[in-house]
Amino acid sequence: MKERHKILFKQLETYREDVLFVLNGITPELAEIVPNYFHSNIRWTMGHIYLDQYLWIEALTKEKTEAPDVFRKWFGYGTKPDNFSEDTPSFAELKELLRQQPVRLKEIYGHRLEEEYPPTEMGMRTIEQVLIRTIFHEGMHLQAINDIKKCLQ
């Protein structure tokens, strides 16, 4: 594996550890609250972070990922916690999916980072480029978790 790919996966792991660290101070009950002026809660944000990486990989490669299709209904763009059902993963389940995801991405795509595909609407042609974009997205939602957490305290 190239050095820059090792660094990319280290970043994925480190930023995910940051998200999980912030979640340590949250109870499942608090994760359900949608504060005033917010459109989502922490549990939705967790599922959205998880799903986003797979959606962009699917958009690029046109291959199915391990993200269940039903996650789009709960955590996809434009959804909200009102879309949840009794089958929506719990706070603990989402935390575990988030914990495992960087390792799974490395196992599944680590050897395919430079494969070229037709460009997405943002011009991304490789899984490496997609993962860089999803790191930015994850950081935005980490801030949203922090903002919601402040409102709940």
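**Entry 1: Arginine 16**

I began with arginine 16 in this predicted model and asked whether the residue is buried or exposed. Arginine 16 has a relative accessible area of 2%, so I recorded the residue as buried, the cut-off being under 20%. I located arginine 16 in helix α1. I then listed its contacts, leaving aside neighbours within four places in sequence: Ile49, Gln53, Leu98, Gln101, Pro102 and Glu138.

**Entry 2: Helix α1 against helix α4**

I next looked up how α1, residues 3-23, packs on α4, residues 91-109. The angle between them is about 170°, and their axes lie 9 Å apart. Because angles over 145 degrees count as roughly antiparallel, I noted α1 as roughly antiparallel to α4. On the α1 side, the contact is made by Phe9, Leu12, Glu13, Arg16, Leu20 and Leu23. On the α4 side, I found Phe91, Lys95, Leu98, Arg99, Gln101, Pro102, Leu105 and Lys106. I sorted the residues of this contact of α1 with α4 by class and obtained eight nonpolar, one polar and five charged.

**Entry 3: Helix α1 against helix α2**

How far apart are the axes of α1 and α2? I recorded 12 Å, with a packing angle of about 170°. The helices α1 and α2 are therefore roughly antiparallel to each other. I noted their crossing as left-handed. Leu12, Arg16, Val19 and Leu23 of α1 make the contact with Ile42, Met46, Ile49 and Gln53 of α2. By class, I recorded six nonpolar residues, one polar and one charged in the contact of α1 with α2.

**Entry 4: Helix α2 against helix α4**

I then turned to α2, residues 42-61, and its packing on α4. The angle is about 20° and the axes are 9 Å apart. Since angles under 35 degrees count as roughly parallel, I entered α2 and α4 as roughly parallel to each other. The crossing of α2 past α4 is left-handed. From α2, the residues in contact are Ile42, Arg43, Met46, Gly47, Ile49, Tyr50, Gln53, Tyr54 and Ile57. From α4, I listed Phe91, Leu94, Lys95, Leu97, Leu98, Gln101, Arg104, Leu105 and Tyr109. The contact of α2 with α4 holds twelve nonpolar, three polar and three charged residues.

**Entry 5: Glycine 47**

I examined glycine 47, which I found in helix α2. Its relative accessible area is 0%, so I marked glycine 47 as buried. Beyond its neighbours within four places in sequence, glycine 47 is in contact with Phe75 and Leu94. I also looked up its separation from leucine 12, which is 35 residues away along the chain. The C-alpha atoms of glycine 47 and leucine 12 are separated by 16 Å.

**Entry 6: The largest nonpolar core**

Which residues touch the most other members of the largest nonpolar core? Of its 39 residues, I recorded Leu23, Ile42, Phe75 and Leu131. The elements giving two or more residues to this core are α1, α2, α3 (71-75), α4 and α5 (127-152). I noted that α2 gives the largest share of this core, ten residues.

I followed isoleucine 42 further. Not counting residues up to four places away in sequence, isoleucine 42 touches Leu23, Ile26, Ala31, Phe91, Ile145, Ile148, Lys149 and Leu152.

**Entry 7: Two positive phi values**

I then turned to the backbone. Most residues other than glycine have a negative phi. Tyrosine 37 has a positive phi of about 75° although it is not a glycine. I located tyrosine 37 in the loop between α1 and α2. With a relative accessible area of 83%, tyrosine 37 is exposed.

Lysine 62, also not a glycine, has a positive phi near 65°. I found lysine 62 in the loop between α2 and α3. Its relative accessible area is 68%, so I entered lysine 62 as exposed.

**Entry 8: Glutamate 115**

Where is glutamate 115 found? I placed glutamate 115 in the loop between α4 and α5. At 34% relative accessibility, glutamate 115 counts as partly exposed. Setting aside neighbours within four places in sequence, I found glutamate 115 in contact with Arg125, Thr126 and Ile127. Glutamate 115 and threonine 27 are 88 residues apart in sequence, and I recorded 41 Å between their C-alpha atoms.

Conventions. Residues numbered from 1 in each chain as written. Predicted model: local features only at pLDDT ≥ 70, side-chain atom pairs only at ≥ 80, totals over all residues. Heavy atoms only, no water. Axes fitted to C-alpha atoms, helices over the stretch in contact; angles between N-to-C directions. Helix = DSSP H or I, 4+ residues; strand = E, 2+ residues; numbered from the N terminus. Parallel < 35°, antiparallel > 145°, perpendicular 65-115°, else oblique. Contact = heavy atoms within 4.5 Å. Nonpolar A, V, L, I, M, F, W, Y, C, P; charged D, E, K, R; others polar. Left-handed = near helix turned anticlockwise from the far one by under 90°. Core = buried A, V, L, I, M, F, W, Y, C linked by side-chain atoms within 4.5 Å. Buried < 20%, exposed > 50% of the residue type's maximum accessible area, 1.4 Å probe, protein only.
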